[in-house]
Amino acid sequence: MIKAVLTDLDGVIRRWDPGIVQQAEIAAGLPPDALLNTAFEPDLLLRATTGRITDESWRSEVAERLRLEYPAADAEKAVRLWSLSPGEVDTDVLALLQRCRDSASLALITNATTRLDSDLKRLGIGQAFDHVVNSSAVGHVKPHPGISNAALDLLSIEADEAFFIDDRSENLNAVAELGMDGHHYTTIERLKRALKYHGLPF
């Protein structure tokens with residue numbers, strides 16, 4: 001019996017408009033992809049998503065690195081414009097997952113910075129989940145088992161009582177090793193079939 005649905009945020013519930021980054025780069029005089037390549041440099045991103053630095057410090061360091069690499073550009077403007085949006089909610093997917101709460105807890109489990117709570121409030125979905133498991137609070141990012149085990153402990157359930165939804169196959173493989181069933185999200189129709197298979201209302 002599934003007692004909790006654990007869902008990812010980005011790529012499942014939240015979408016990002018790539019035009020935001022492109023417009024920020026153009027406005028600041030940066031070459032294409034400079035902003036995200038800098039922000040998502042693996043070591044820097046890991047520090048931000050494991051809580052070793054705050055979201056504010058992460059964005060400040062992104063600006064500093066851009067300033068050093070592209071001195072003619074306005075690095076601060078690029079980061080400021082990029083940071084304005086909290087993304088967009090896929091309301092159909094969210095509504096689908098909300099219906100699961102009739103029979104199971106709904107938990108958000110996501111790799112995120114310390115800005116997550118603020119983003120959820122700005123998106124209007126701060127109360128959409130029974131629990132939120134943020135990597136920057138736990139200190140581990142998916143696919144590390146530490147974050148999944150933290151979610152199971154929080155929910156007081158066993159791995160086989162959870163249903164995990166994520167858009168990355170490596171994260172699904174990691175929870176499968178713990179004994180957790182899951183679904184690789186690609187479309188809402190496939191998600192509906194997966195929920196039905198597991199006896200969850202939709």
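Residues are described here as buried when their relative accessible area is under 20%, as exposed when it is over 50%, and as partly exposed in between, with a 1.4 Å probe and protein chains only. The structure is a predicted model, in which local features need pLDDT of at least 70 and side-chain atom pairs count only at pLDDT 80 or more, while totals for chains, interfaces and linings use all residues. Residues are numbered from 1 along each chain as its sequence is written, and side-chain values use heavy atoms, with hydrogens and water left out.

Helices (H or I, at least four residues) and strands (E, at least two) were taken as DSSP runs numbered from the N terminus, and two strands were considered paired if DSSP finds at least two bridges between them. On this basis, five strands form an open sheet in the order S5-S4-S1-S6-S7, with parallel pairing. Strand S5 (131-134) and strand S7 (181-184) stand at the edges with a single partner strand each, so one side of each is left without a neighbour in the sheet. Neighbouring strands of this sheet are turned against each other by 20 degrees on average, direction ignored; axes are lines fitted to C-alpha atoms, for helices over the stretch in contact, and angles run from 0 to 180 degrees between N-to-C directions. Within the sheet, strand S1 (residues 4-7) pairs with strand S4 (residues 105-110) in the parallel sense over four bridges, and Val5 stands opposite Leu106 in S4. Helix H11 (residues 188-197) lies across strand S6 (162-166) and S7, and runs at about 165 degrees to S7, contact being defined as heavy atoms within 4.5 Å.

Salt bridges, defined by a side-chain nitrogen of Lys or Arg within 4 Å of a carboxyl oxygen of Asp or Glu, number 16. One of them joins Lys3 to Glu161, with the closest N and O atoms 3.1 Å apart. Because Lys3 lies in the segment before S1 and Glu161 in the loop between helix H9 (145-155) and S6, this pair ties together parts that are 158 residues apart in sequence. Lys3 is partly exposed, with a relative accessible area of 40%, whereas Glu161, at 17% relative accessibility, counts as buried. In helix H11, Lys192 forms a salt bridge with Glu189 at 3.6 Å between the closest N and O atoms; being three residues apart, the two are separated by about one helical turn. Lys192 is partly exposed at 25% relative accessibility, and Glu189 is partly exposed at 43%. Elsewhere, salt bridges that share partners join Asp10, Arg14, Arg115 and Asp119 into one network. Within that network, the closest N and O atoms of Arg115 and Asp119 are 2.9 Å apart, and both of these residues are buried.

Aromatic pairs were assigned to rings of Phe, Tyr and Trp (its six-membered ring) with centres within 6.5 Å, planes under 30 degrees apart counting as stacked, over 60 as edge-to-face and the rest as tilted. The structure holds two such pairs. Phe40 and Trp58 are stacked, at 6.5 Å centre to centre and with 15 degrees between the planes. This pair links distant parts of the chain, with Phe40 in the loop between helix H2 (34-39) and helix H3 (42-49), and Trp58, 18 residues apart from it, in helix H4 (residues 55-69). Phe40 is partly exposed at 44% relative accessibility, whereas Trp58 is buried at 4%. The rings of Trp58 and Trp82 have their centres 5.4 Å apart and their planes at 75 degrees, so this pair is edge-to-face. Since Trp82 lies in helix H5 (residues 75-83) and Trp58 in helix H4, the pair ties together parts that are 24 residues apart in sequence. Ring pairs thus link Phe40, Trp58 and Trp82 into a cluster. In addition, the charged end of Arg59 sits over the ring of Trp82, 4.7 Å from its centre, the criterion being NZ of Lys or CZ of Arg within 6 Å of the ring centre and within 35 degrees of the ring normal.
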